[in-house]
Amino acid sequence: YVSLANLEDIVFGGWDIFPENAYQAAVKAGVLDEHKHLLPLKAELEAIKPMTAVFEQAYVKKLNGPNVKKGTSKMHLAEQLMADITNFKTTNGCDRLIAVWCGSTEVYRTPGEVHSSLAKFEDALRTSHDDIAPSQIYAYACLKMGVPYANGAPNLSVDTPALLELARKNGLPITGKDFKTGQTLMKTILAP
């Protein structure tokens with residue numbers, strides 16, 4: 001038996017291409033009823049403000065937002081994410097962190113030579129290779145900082161030899177392929 005952390009012991013944060021706080025974003029999304037579900041949590045949600053995000057239009061064609069990092073290379077963007085992780089952990093007094101990719105589904109690209117080893121991946125980050133997606137930059141930054149990573153979208157994200165190597169090297173768990181996978185599995189089992 002392993003007890004779960006109390007909600008009071010958990011701090012939420014993240015990156016987003018839109019600058020609105022979590023309350024504003026939830027109201028805009030319209031998934032939950034504002035008066036019934038969101039207003040009771042307004043103060044807590046308003047306190048969650050996104051950090052500037054790593055974003056590349058080529059990977060998510062129908063989105064564009066102003067809250068985006070600028071960098072000289074994809075490695076520079078990864079370094080900015082690592083600085084965000086360090087700052088978040090220090091500012092919030094966190095003992096440990098866990099990252100869950102909840103971003104949009106990216107355009108699929110077949111893994112290439114740049115994904116074949118950690119050394120090649122890091123070289124490709126330095127040269128801003130087109131085959132390195134934003135989700136992979138996040139995964140790399142998290143794994144370099146000792147943060148376990150869960151992928152909640154059908155992106156390659158950590159599903160490459162390079163990032164699997166980094167996870168093994170740092171003894172970190174990685175998981176996920178898509179939040180809807182379990183839902184689809186249940187529908188295929190129960191529906192018939």
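## Close-up views of a predicted model

F121 and Y140 are both buried. They are the starting point for these legends, which describe a predicted model.

**View 1. F121 and Y140 form an aromatic pair.** A pair of aromatic rings is described by the distance of the centres and the angle of the planes. Here the ring centres of F121 and Y140 lie 5.8 Å apart. The planes meet at 45°, and the pair is tilted. F121 belongs to helix α5, residues 118-126. Y140 belongs to helix α6, residues 134-144. The two residues are 19 places apart, and their pairing links distant parts of the chain. The model holds three aromatic pairs in total.

**View 2. Other rings: a cluster, and a charge over a ring.** W15, W101 and Y138 form one aromatic cluster. Elsewhere, look at F18 and K28. The charged end of K28 sits over the F18 ring. Its distance from the ring centre is 5.6 Å.

**View 3. Helix α5 has its buried residues on one face.** Which residues of α5 are buried? They are L118, F121, E122, A124 and L125. Seen down the helix axis, these buried residues fall within an arc of 160°, so they line one face of α5. What covers them? The cover includes α4 (74-92), α6 and α7 (161-169). After the helix comes S128, with a positive phi.

**View 4. Helix α6 is largely enclosed.** Ten of its eleven residues are buried, so the rest of the structure largely encloses this helix. The buried residues are P134, S135, Q136, I137, Y138, A139, Y140, A141, C142 and L143. Several elements cover them. Among the helices in this cover are α4, α5 and α7. The strands include β1 (99-101), β2 and β3 (174-175). G146 follows α6 and has a positive phi, near 80°.

**View 5. Q136 is a buried residue with a polar contact to A133.** Q136 is found in helix α6. Is Q136 buried or exposed? Its relative accessibility is 2%, so Q136 counts as buried. A polar atom of the Q136 side chain lies 2.9 Å from the backbone nitrogen of A133. Now set aside residues up to four places away in sequence. Q136 then touches H115, F121, D131, L156, S157, T160 and L163. Two of these residues appear in other legends: F121 in the aromatic pair, and S157 in the next view.

**View 6. S128 and S157 each have a positive phi.** Most residues other than glycine have a negative phi. What is phi in S128? In S128 phi is positive, near 55°. In S157 phi is also positive, about 40°, although S157 is not a glycine. Where do these serines lie? S128 is in the loop between α5 and α6. S157 is in the loop between β2 (149-151) and α7. Their surroundings can be read from accessibility. S128 has a relative accessible area of 27%, so it is partly exposed. S157 has a relative accessibility of 0%, so it counts as buried.

**View 7. C102 and C142 are not in a disulfide.** How many disulfides does the structure hold? It holds zero. Why is C102 not bonded to C142? Their sulfurs are 12 Å apart, which is too far for a bond, and C142 is the closest cysteine to C102 by sulfur position. A disulfide needs the two sulfur atoms within 2.5 Å. C142 is likewise in no disulfide, with the sulfur of C102 as its nearest cysteine sulfur. Are these cysteines buried or exposed? C102 has a relative accessibility of 59%, so C102 counts as exposed. C142 has a relative accessible area of 2% and is buried.

**View 8. H76 lies in helix α4.** At 29% relative accessibility, H76 counts as partly exposed. Follow the chain from H76 to T86, ten residues apart. The C-alpha atoms of the two are separated by 15 Å. Which residues does H76 contact, leaving aside neighbours within four places in sequence? They are K70 and G71.

Conventions
Residues are numbered from 1 along each chain as its sequence is written. This is a predicted model: local features need pLDDT of at least 70, side-chain atom pairs count only at pLDDT 80 or more; totals for chains, interfaces and linings use all residues. Side-chain values use heavy atoms; hydrogens and water are left out. Buried means under 20% relative accessible area, exposed over 50%, partly exposed in between (1.4 Å probe, protein chains only). Rings of Phe, Tyr and Trp (its six-membered ring) pair if their centres lie within 6.5 Å; planes under 30 degrees apart count as stacked, over 60 as edge-to-face and the rest as tilted. Helices (H or I, at least four residues) and strands (E, at least two) are DSSP runs, numbered from the N terminus. A charge sits over a ring if NZ of Lys or CZ of Arg is within 6 Å of the ring centre and within 35 degrees of the ring normal. A polar contact is a pair of N or O atoms within 3.5 Å; within protein, one must be able to donate a hydrogen and the other to accept it, and residues adjacent in sequence count only if both atoms are side-chain atoms. Contact means heavy atoms within 4.5 Å. The arc is that of the directions from the helix axis to the C-beta atoms.
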